[in-house]
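Q: Hi! Could you walk me through this one? I'm new to this.

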Amino acid sequence: MPVDPGARHQHSQHQDGGGPVIPAGEVVERALKLSRADEAIVLVTDKYDASLRWAGNSMTTNGSAVSREWTAISVFRDGPNSARVGSIRSTSVDAADIEAVVRASEAAGRTAEPAKDAMPLLDPDGAPDADWAAEPGRTGIEVFAGLAGDLAQGFDGADRLYGFAHHQVHTTWLGTSTGVRRRFAQPTGSVEINGKRGAGSDLASAWVGVNTPDFTGVDVPAMLAELSRRLDWSKSRVDLPAGRYETLLPPSAVADLMIYMMWTMEGRGAQEGHNAFAKAGGTRIGERLTDIPLTLYSDPTAPGLEYRPFVAVDASSESLSVFDNGLATRRVDWVRDGVIDALVYPRATAAEFGASTAVPGENLLLTGGSAATLDEMIARTERGLLLTTLWYIREVDPATLLLTGLTRDGVYLVENGAVTAAVNNFRFNESPIDLLRRTTEAGATEPTLPREWKDWFTRTAMPPLRIPDFHMSSVSQAT
């Protein structure tokens with residue numbers, strides 16, 4: 001089924017007055033030249049987004065959008081490590097608006113409270129990026145042509161298919177008054193397909209999803225075959241009570257839990273006793289979680305999961321600092337060979353606590369398991385549960401990182417090495433830190449799409465995990 005190139009297309013290729021949009025790099029240079037602050041930072045991101053939806057075995061909508069978002073940041077110095085910061089964001093593509101945005105950021109900076117994370121801006125560590133003047137990366141609905149054709153074959157089947165594909169290419173330019181000039185085009189894509197069979201009390205639902213930077217190599221027939229297999233598993237149904245069960249977590253569910261853990265690994269919070277990585281007199285760095293040599297890490301150069309190799313942020317937080325704009329990102333092992341190895345520290349926080357600077361990654365990988373596939377782990381299970389995905393994950397206790405959430409789109413009973421039935425859904429209560437501690441088997445790492453966090457975080461590679469006593473705290477009526 002072809003994608004209609006005329007459906008719902010939005011773009012912003014010209015200024016309101018009809019002239020062409022000035023290049024993003026030129027916006028950076030003009031804004032920096034106009035600045036009257038002691039120091040200035042300018043970020044520009046050109047965004048190309050495309051999406052495709054289908055429901056009930058029919059394409060429903062497709063569309064694309066082009067937009068620009070940019071930020072002027074003004075820094076007023078009271079000393080080398082004392083400063084006030086004003087940050088103003090704009091979506092205007094009119095060159096006449098650049099000065100007004102710069103002046104607004106200056107006004108905000110002059111009246112701001114002193115920044116707690118003030119540090120000297122970084123000097124360039126080399127020449128400006130060679131592609132500084134290049135056009136932004138682009139995408140459009142044509143990226144879905146192969147996907148749409150493969151889905152059309154699935155629409156001829158008896159199962160009802162629903163789903164969504166999204167692709168974006170966001171190109172960021174970063175310039176500072178100290179001479180930093182960085183540019184990076186970030187592609188991000190995902191496909192998720194939900195299959196339904198039957199109706200009413202006999203309704204069965206299953207989900208599969210993948211991440212992809214460019215939609216090449218997306219094996220839709222394999223995804224549909226896996227959906228059909230899971231729906232076949234639902235021919236028999238068993239109701240089970242709440243309790244602790246040996247549970248196989250597939251890579252997608254592992255990704256959702258590990259992402260949440262990485263998001264909470266803030267150094268300041270640990271040093272001040274505010275999160276689960278605190279301990280009396282310091283942090284839990286150096287603590288062994290498991291004898292399995294699991295390594296949880298972020299790496300901007302990981303093949304197929306690459307992300308922007310520098311910090312580009314328009315506001316400070318406990319994890320990121322505007323003063324670190326342009327800082328090169330690097331591989332960080334959050335857990336190395338089963339031991340907690342690093343926490344998130346912007347430069348100012350690292351200096352305060354005598355720690356190493358580490359910024360949060362935009363991908364996450366867990367390695368160190370065996371070469372076993374999920375099917376091989378199922379074959380070695382005497383009795384247990386196989387999950388598909390988790391959703392509605394929320395934090396219950398930050399001191400232990402206890403999370404709660406629901407299972408979704410398929411919980412299955414495994415008996416004597418085979419899946420024998422579908423099981424009711426559950427609410428769970430678990431801490432990802434404790435799950436790593438209690439893991440008895442980790443399989444082969446593979447690229448996967450997190451279900452809960454896919455709108456914010458898609459670039460993951462995880463193994464399936466075996467948990468001997470996963471806590472299903474109550475039965476859920478969710479389907």
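A: Sure! The radius of gyration is taken over C-alpha atoms, and the globule rule is 2.2 Å times the number of residues to the power 0.38. With 479 residues, a compact globule would come out near 23 Å, and the protein has 24 Å, which agrees.

Q: Is this model predicted or not, and what are the ground rules?
A: This is a predicted model: local features need pLDDT of at least 70, side-chain atom pairs count only at pLDDT 80 or more, and totals for chains, interfaces and linings use all residues. Residues are numbered from 1 along each chain as its sequence is written, and side-chain values use heavy atoms, with hydrogens and water left out.

Q: Cool. What box do the C-alpha atoms fill?
A: Roughly 70 × 60 × 35 Å, taken along the principal axes.

Q: And how many helices and strands are there?
A: The protein has nine helices and 22 strands. These are DSSP runs numbered from the N terminus (helices: H or I, at least four residues; strands: E, at least two).

Q: What order do the strands of the open sheet have?
A: Its six strands go S13-S12-S11-S14-S21-S20, with mixed pairing. Two strands pair if DSSP finds at least two bridges between them. Strands S13 (339-340) and S20 (446-448) are the edges, each pairing on one side only.

Q: How do S12 and S13 run?
A: Antiparallel, with two bridges joining S12 (residues 332-336) to S13. Arg336 has Val339 in S13 as its bridge partner.

Q: New topic: what share of the residues is buried?
A: Buried residues make up 55% of the 479, where buried means under 20% relative accessible area (1.4 Å probe, protein chains only).

How values were computed
Buried means under 20% relative accessible area, exposed over 50%, partly exposed in between (1.4 Å probe, protein chains only).
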